[in-house]
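Good morning, and thank you for joining. I should like to take you through one structure today, so please have the sequence and the model open as I speak.

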Amino acid sequence: MADILYTYKNQVYANITNLCDCRCEFCIRSHEDGVGDAETLWHKKDPSLEEIIAAMDEFDFQGYKELVYCGYGEPTCALENLVKSAKYAKEKYGVSVRINTNGLGNLYHGKDIVPILAEVADSISISLNAPTKEEYTRVTRPNFENAFEALLEFAGECEKMIPQVKMTVVDVLPEEEIEASRELAESIGVELRVRRYA
């Protein structure tokens, strides 16, 4: 079975699904089977809630203050397991919760999921990837036509309900595109973080 919890750079991550509604050009899962101390992050089938909770109970959270939902899939595709397991981790182990997402959960589920995420998320990191719809679509290759607009709307709603919201781009972008991305994020009240491409 694939690793459900794994550590990378002194943080603990929850890998709860391999489902994703994007095919990003730079996605690490197209190059490696695992990250950090995970041998593989590829599930033969996505773990059940019971399996996720069992993995949490087997993990030693001592020294870890935050649990990050980020693996080889989009965590909001497993929304119910995300929320229920995050509530469990917060209550039992006292960790804060961050969700790393592509920001397309509203499109995937056909409803506004931000209030649901706000029940458990202390912070959320949303992959912007590019400052324009054309470049975003080329790089991210989402399953939805109006993904870029939905992503921006999602980020704006998160900013109203979740304590810490960031949008991210990867440092392979030209400097002018990074600055344009920063301006776009700030226009909806969100900070931009430039991620290092591993």
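Let me begin with a question: are Y6 and Y13 buried or exposed? Both of these tyrosines are buried. Please bear in mind throughout that we are looking at a predicted model.

I turn now to the overall fold. The protein chain contains seven helices and seven strands. Read from the N terminus, the order of elements is β-β-α-β-α-β-α-α-β-α-α-β-α-β. The radius of gyration of the protein chain is 16 Å, close to the 16 Å that the globule rule gives for 198 residues, so the chain is as compact as a globular protein of that length. The C-alpha trace spans about 45 × 35 × 30 Å along its principal axes. Of the 198 residues, 49% are buried. Among contacts with a separation of 6 or more, 78% are between residues 24 or more positions apart. The chain exposes about 9,900 Å², and carbon and sulfur atoms supply 47% of that area.

Next, the interior. The largest nonpolar core has 53 residues, and those with the most contacts inside it are L5, L67, Y69, I124, I126 and M167. Helix α6, residues 147-161, gives this core its largest share, namely seven residues. A second, separate core has five residues, including Y6, Y13, V68 and Y72.

What is Y69 in contact with, leaving aside its neighbours within four places in sequence? The partners of Y69 are A14, I16, M56, P75, L82, S85, A86, V97, R98, I99 and N100.

One of those partners, M56, brings us to helix α1. The buried residues of this helix, which covers residues 49-58, are L49, I52, I53, A55 and M56. They cover an arc of only 155° around the axis, which puts them on the same side of α1. The general principle is that an α-helix has 3.6 residues a turn, so residues three or four places apart point the same way. On the other side of α1, E50 and E58 are exposed. The buried residues of α1 pack against β1 (5-8), β3 (66-69) and α2 (79-93).

I come now to the aromatic rings. A search of the whole structure finds six aromatic pairs. Y6 and Y13 form a stacked pair, because their ring centres are 5.2 Å apart and their planes are at 20°. F61 and Y93 are also stacked, since their ring centres lie 4.7 Å apart with the planes at 25°. This second pair links distant parts of the chain: F61 is in the loop between α1 and β3, Y93 is in helix α2, and they are 32 residues apart. With a relative accessible area of 6%, F61 is buried, whereas Y93, at 25%, is partly exposed. Both residues belong to one aromatic cluster, formed by F59, F61, Y64, Y88 and Y93.

Finally, a residue elsewhere in the chain. Where is D171 found? D171 is in the loop between β6 (164-170) and α7 (175-187). Its relative accessibility is 36%, and D171 therefore counts as partly exposed. The C-alpha atoms of D171 and S96 are separated by 27 Å, and the two residues are 75 residues apart along the chain.

That concludes my presentation, and I thank you for your attention.

Definitions and conventions: Residues numbered from 1 in each chain as written. Predicted model: local features only at pLDDT ≥ 70, side-chain atom pairs only at ≥ 80, totals over all residues. Heavy atoms only, no water. Buried < 20%, exposed > 50% of the residue type's maximum accessible area, 1.4 Å probe, protein only. Helix = DSSP H or I, 4+ residues; strand = E, 2+ residues; numbered from the N terminus. Arc of directions from axis to C-beta. Contact = heavy atoms within 4.5 Å. Phe/Tyr/Trp six-rings, centres within 6.5 Å; stacked < 30°, edge-to-face > 60°. Rg over C-alpha atoms; globule rule 2.2 N^0.38 Å. Areas by Shrake-Rupley, 256 points an atom, 1.4 Å probe, with all protein chains shown as cover. Core = buried A, V, L, I, M, F, W, Y, C linked by side-chain atoms within 4.5 Å.
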